[in-house]
Amino acid sequence: MKRNNLDPLKTSSYDYHLPKELIATQPVSPADSARLLVYDRKNDKIIHTTFKNLLDFIPDNVSIFLNDTKVIKARIFGTKSSGGKIELLLNKPLFMNRFLVMIRGKVKIGTILDFEHNLKAEVVEVNEDGTRVVKFYENEKELEFLQLVEILNKIGHLPLPPYMNREDKEEDNQNYQTLFAKNYGAVAAPTASLHFTPKLLKDLEDKFSIDYLTLHVGAGTFKPVDVEDILNHPMHSEYFEISAKAKGSLDNAKKVLAVGTTVTRTVEYYARTNKIQGECDLFLNPSNTPIKVDHLLTNFHLPKSTLIMLIASFVGLEKTLEIYEEAIKQKYRFYSYGDGMLII
């Protein structure tokens, strides 16, 4: 279906209608039974298959990169000294044991929040964008990041994306982490990797060169683009790290397959800056296309999000909308626990 007045720089061009029942609120089991839409750019062809058959479609001689970040139980509930209830979502560590958070409930600088396990948070900054900066204490002792994570693992909840519209359950602790999650720091999973079973991952490792890098997915990944011109969107930044081994593989790779948008942004940021750690704020879109990543394995993303714009940086806006329309027509499951798509 042709659309009129499509402009790749206009946010409204990235809108599409998704029937509510296609939003996946639970994963399929086993994970590799999820459906997979393969888009072959060379032949302009869409193929419908399942993740179990992934290896049949990955071109030979590609180097594959995955994100080994680990999701923190970043959502905690507590009270203010006045007795008012509060919900806090950890976004990321800053410096000097300060943390960027989102707080549901009114707070001002100096407010002390009480949580289980003798955990307290003191609000030290109130930012205009609605975020807050806090310091955490346990029994009056200031906490560093990994000490805080230890406590959050006991009292916190996994921050499932808002569109799942449900509370986290025990099985999410396993389902919403990748098999190779290693470095704590994310508040959202790199969801393209949730489809791997131990066997599928082993088959992949046996056949291809595989490397891991780290990008800690922040809450900004869900931030809708609410400006008319996409280039005016203030892109969120997320901490990344590329090991010496992964850097060597990247430098020598003939072709790169990125598993997920987070890996894509990390690799592309490295290709542009040569930095192997720091804050990645790269915004890929049709006017800023990939220069290093050749193939992409990903899920289906929210309308008007930076992630659907990233897909358009690979295949163009019209083709992106056409693929999404086909996925909706074929009743694919969308978003974090949904089905996937491979661009070759």
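**Note on helix α6, the cores and the salt bridges**

1. Start with α6. Its buried residues are Thr-306, Leu-307, Ile-308, Met-309, Leu-310, Ile-311, Ala-312, Ser-313, Phe-314 and Val-315. That is 10 of its 10 residues, so the helix is mostly covered, buried here meaning under 20% relative accessible area. Bear in mind throughout that this is a predicted model.

2. What does α6 pack against? The partners of its buried residues are β1, α5, β17 (295-299), α7 and β18. Two of these partners are helices, α5 and α7, and both packings are described below.

3. Take α5 with α6. Their axes come within 11 Å and cross at roughly 60°. The crossing is left-handed. On the α5 side the contact uses Thr-261, Thr-264 and Arg-265; on the α6 side it uses Leu-307, Leu-310 and Phe-314. By type, the residues of this contact are three nonpolar, two polar and one charged.

4. Now α6 with α7. Here the axes are 7 Å apart, and the packing angle is about 115°. This crossing is right-handed. Ile-308, Ile-311, Ala-312 and Val-315 of α6 meet Leu-317, Lys-319, Thr-320, Ile-323 and Tyr-324 of α7. The residues of this contact divide into seven nonpolar, one polar and one charged. As a general point, an α-helix has 3.6 residues a turn, so residues three or four places apart point the same way.

5. The ends of α6 deserve a look. Gly-316 follows the helix and has a positive phi, near 90°. Ahead of α6, Lys-304 sits in the loop that joins β17 to α6. Phi of Lys-304 is also positive, near 55°, in a residue other than glycine. Lys-304 is partly exposed, at 32% relative accessibility.

6. Which residues have the most contacts inside the largest nonpolar core? They are Tyr-176 and Phe-334, in a core of 61 residues. Elements that each supply at least two residues are β1 (35-40), β13 (209-215), α4 (244-252), β15 (255-259), α5 (261-273), α6 (306-315), α7 (317-329) and β18 (340-343). The largest share, seven residues, is from α6.

7. Phe-334 merits its own point. Beyond its neighbours within four places in sequence, Phe-334 is in contact with Tyr-16, Leu-18, Leu-22, Ile-23 and Ala-24, among others. Its contacts also include Phe-300, Tyr-324, Ala-327 and Ile-328. Tyr-324 appears again in the α6 and α7 contact.

8. There is a second, separate core. It has 27 residues, among them Ile-72, Ile-103, Val-149 and Val-187.

9. Turn to charge. The whole structure holds 18 salt bridges. In one of them, Arg-75 pairs with Glu-87, with the closest N and O atoms 2.8 Å apart. Arg-75 is in strand β5 (residues 75-80) and Glu-87 in strand β6 (residues 85-93), so the bridge ties together parts 12 residues apart in sequence. Is this pair buried or exposed? Arg-75 counts as buried, at 16% relative accessibility. Glu-87 also counts as buried, at 15%.

10. Glu-87 has another partner. Its side chain meets that of Arg-104 in a salt bridge, at 3.5 Å from N to O. This pair links distant parts of the chain: Arg-104 is in strand β7 (residues 99-104), 17 residues from Glu-87 in β6. Arg-104 is exposed, with a relative accessible area of 60%. Arg-75, Glu-87, Arg-104 and Glu-167 are linked in a network of salt bridges.

11. A local pair stands beside these. Asp-203 and Lys-199 form a salt bridge at 2.7 Å, N to O. Both lie in helix α3 (residues 198-207), four residues apart, about one turn of the helix. Asp-203 is partly exposed, with a relative accessible area of 26%. Lys-199 is exposed, at 58%.

12. Backbone checks come last. Most residues other than glycine have a negative phi, and most peptide bonds are trans. The bond joining Ser-29 and Pro-30 is cis, with omega about -5°. Pro-30 is placed in the segment before β1. Asp-44, in the loop between β1 and β2 (45-50), has a positive phi near 45°. Its relative accessible area is 45%, so Asp-44 is partly exposed.

How values were computed
Residues are numbered from 1 along each chain as its sequence is written. This is a predicted model: local features need pLDDT of at least 70, side-chain atom pairs count only at pLDDT 80 or more; totals for chains, interfaces and linings use all residues. Side-chain values use heavy atoms; hydrogens and water are left out. A nonpolar core is a set of buried Ala, Val, Leu, Ile, Met, Phe, Trp, Tyr and Cys residues joined through side-chain atoms within 4.5 Å. Buried means under 20% relative accessible area, exposed over 50%, partly exposed in between (1.4 Å probe, protein chains only). Contact means heavy atoms within 4.5 Å. Axes are lines fitted to C-alpha atoms, for helices over the stretch in contact, and angles run from 0 to 180 degrees between N-to-C directions. A crossing is left-handed if the near helix is turned anticlockwise from the far one by less than a right angle, and right-handed if clockwise. Ala, Val, Leu, Ile, Met, Phe, Trp, Tyr, Cys and Pro count as nonpolar, Asp, Glu, Lys and Arg as charged, and the others, Gly among them, as polar. A salt bridge is a side-chain nitrogen of Lys or Arg within 4 Å of a carboxyl oxygen of Asp or Glu.
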